[in-house]
Amino acid sequence: MYHDIGKSGKNTPLDRSVASFEKDLQLLYDKGFYLVNAADIVANRLDVPLGRTPVAITFDDARRTQFNLLTTDQGPQVDPNCGLGIIERFVKAHPDWKVRATFFILPKSKATNESFGQTGLGKDKIDYLLKSGCEIANHSIVHKSFANYTAAQVQQEVGGADKLITSLNPKVKIETIALPMGKFPKDKTLWPLLIKGEDKGHRYEYQAAFDAAWRPIPSPASKKFNNLRLERINSIDGLNGVRFWVDKLMAPGGERYISDGDPKWVSFPKSKESELAQDRVLGQGNQINAYGTSTIQPAGQPIQPASQ
Ligand SMILES: [Zn+2]
């Protein structure tokens, strides 16, 4: 979960330096992770090479340092030192990765001047993100706490932002939302409205709602996976930061998700069978492959599709 990139040159929880962001990408790459959009994870639509682990970079608030356009003689160019520019440069140097990131957008509204802070360029940026394969996602209109919202207010904020963003480009299909400041409605019966509802005749239906912190999420094939409140990892150093969780997932017992390389199969050790959300997995059109007896398949080893 990132906010500003390189705004102050220092690292704070809401501002990651360019060098530290590059280091985060390098760490993820070196440890066998693979960039996907958050929606691909939550929908279990994971086209990830064999042996790799999916990871989603998410950006909140549509801040300018995430996606800045420079004016050049050749026309507008992506600033090489904004979040998107850094990812593009990294993928160019590591072409087995694709440019993927999830942008939780504050739309142009009375509360915000323009998505990504450059007046008049909001639509161009949405169009560019869509073309590049990144995810355009919802972060509400006014960016206030949902804690005390009524059912109508939840739908007004989610549906209203959906309408503002999708009206810029009808091809945009929003699938996820991140709650401002991670403040969920205190009334849990309202949580389903975070992902499905209607405001003034405009309907929305999403895959999942995200919190602001603090740990990796369970596999979307797991019973522990709760799509109404999924956590994220803070872009910080030290405790609960990116390296902290990478190390923890890589350690024995870390239960890192390892891809079998086939998007239509969900492969897992037989010993974990009781944790499988079978109905969800089959409902998403995936097939199930429980292998072996008790050990996790080592990364890089081919996994045999189940015969049945
Ligand atoms: Zn925010």
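**View 1. Helix 1 and helix 3 cross with right-handed geometry.** A crossing is right-handed if the near helix is turned clockwise from the far one by less than a right angle, and left-handed if anticlockwise; helices are DSSP runs of H or I with at least four residues, numbered from the N terminus. The contact, for which C-beta atoms placed from the backbone must lie within 7 Å, involves Val18, Phe21, Glu22 and Leu25 of helix 1 together with Gly83, Ile86 and Phe90 of helix 3. Helix 1 spans residues 18-30 and helix 3 residues 83-93, and the two pack at about 45° with their axes 11 Å apart, the axes being lines fitted to C-alpha atoms over the stretch in contact and the angles running from 0 to 180 degrees between N-to-C directions. This is a predicted model, in which local features need pLDDT of at least 70 and side-chain atom pairs count only at pLDDT 80 or more, whereas totals for chains, interfaces and linings use all residues. Residues are numbered from 1 along each chain as its sequence is written.

**View 2. Helix 1 also meets helix 7, residues 242-250.** Their axes come within 10 Å and cross at roughly 5°, and helix 1 is therefore roughly parallel to helix 7, a term for angles under 35 degrees. Asp24, Leu27 and Leu28 of helix 1 make the contact with Val242, Arg243 and Val246 of helix 7.

**View 3. Over residues 294-300 the pLDDT is below 50.** The mean pLDDT of the chain, a per-residue confidence from 0 to 100, is 94, and 95% of the residues reach 70 or more. Beyond near neighbours in sequence, the stretch 294-300 has 12 contacts in the model. Where pLDDT is low, the predicted coordinates should not be read in detail.

Notes: pLDDT = per-residue confidence, 0-100. Contact = placed C-beta atoms within 7 Å. Parallel < 35°, antiparallel > 145°, perpendicular 65-115°, else oblique.
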